[in-house]
Amino acid sequence: MKVVKHSFDGVIVGAGGAGLRAAIEAAPHMKLAVITPVGPGHEKTYNELCCPSIQRAVEHSTGPFSEVIPLPVWDLRGELGRSRARNLAIAEAAAKAYDWIFFLDADDLLNFHAFEEVAPL
């Protein structure tokens with residue numbers, strides 16, 4: 001019989017509101033990546049509207065996150081497609097040990113309360 005050993009900083013039992021709140025409180029150093037595929041025709045929109053909306057949200061409040069980074073996936077020739085671009089960014093965020101991911105399209109704006117709204121869940 002093979003025994004698999006796991007190592008954890010903490011274990012939370014329960015999936016209700018109290019369990020989620022405990023998880024948030026136990027992980028004050030959570031890292032968040034905001035993944036945005038940037039396809040053909042969206043470079044200017046991303047640079048002038050989308051990315052600044054992420055910055056405004058960070059300046060307002062990072063909520064339970066100790067680090068928030070924009071993670072654009074530049075696909076200006078349209079070779080990847082939105083889904084593949086997202087998947088590549090998920091792999092990059094996982095490799096960098098990010099705990100949470102937000103998806104945001106290049107032509108969308110992030111509400112400046114977005115990060116702080118995670119905590120009350």
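**Salt bridges**

I searched the whole structure, a predicted model, and found 4 salt bridges. I looked up three of the pairs in turn.

I began with Asp105 and Arg82, which form a salt bridge with their closest N and O atoms 3.8 Å apart. I noted that this pair joins distant parts of the chain: Asp105 sits in the segment after β3, Arg82 in helix α3, and 23 residues separate them. The cut-off for a salt bridge is 4 Å, so the pair at 3.8 Å is counted.

I then took Arg86, which also has a salt bridge with Asp105; here the closest N and O atoms are 2.7 Å apart. This pair, too, links distant parts of the chain, with Arg86 in helix α3 and Asp105 in the segment after β3, 19 residues apart. I recorded Arg82, Arg86 and Asp105 together as a network of salt bridges.

Are the members of this network buried or exposed, or in between? Asp105 has 18% relative accessibility, so I entered Asp105 as buried. Arg82 has a relative accessible area of 47% and therefore goes down as partly exposed. Arg86, at 23% relative accessibility, is partly exposed as well.

I looked next at Lys96 and Glu92, a salt bridge whose closest N and O atoms are 3.0 Å apart. Lys96 is partly exposed because its relative accessible area is 43%. Glu92 is partly exposed because its relative accessibility is 34%.

**Asp75**

I turned to Asp75, in the loop between β2 (65-74) and α3 (82-95). Side chains of opposite charge can pair when their charged atoms come close. Which side chain of opposite charge is nearest to Asp75? I found Arg77, at 7.6 Å; Asp75 is buried and has no salt bridge.

What does the side chain of Asp75 reach? I traced it to the backbone nitrogen of Leu80, at 3.1 Å. I also listed the residues that Asp75 touches, leaving out those up to four places away in sequence: Val38, Gly39, Pro40, Leu80 and Gly81. Leu80 thus appears in my notes both as a touching residue and as the owner of that backbone nitrogen.

**A nonpolar patch**

I checked the surface last. Which residues form a nonpolar patch there? I noted Ile90, Ile101 and Phe103, which together have about 230 Å² of accessible area. Phe103 belongs to strand β3, residues 100-103. I entered Phe103 as partly exposed because its relative accessibility is 46%.

Notes
Residues are numbered from 1 along each chain as its sequence is written. This is a predicted model: local features need pLDDT of at least 70, side-chain atom pairs count only at pLDDT 80 or more; totals for chains, interfaces and linings use all residues. Side-chain values use heavy atoms; hydrogens and water are left out. Patches are made of residues with over 30% relative accessible area and no salt bridge: like charges are joined within 9 Å, nonpolar side chains (Val, Leu, Ile, Met, Phe, Trp, Tyr) within 5 Å. Accessible areas come from the Shrake-Rupley method with a 1.4 Å probe; for residues, only the protein chains shown count as cover. Helices (H or I, at least four residues) and strands (E, at least two) are DSSP runs, numbered from the N terminus. Buried means under 20% relative accessible area, exposed over 50%, partly exposed in between (1.4 Å probe, protein chains only). Lys and Arg count as positive and Asp and Glu as negative; His and the chain ends are not counted. A polar contact is a pair of N or O atoms within 3.5 Å; within protein, one must be able to donate a hydrogen and the other to accept it, and residues adjacent in sequence count only if both atoms are side-chain atoms. Contact means heavy atoms within 4.5 Å.
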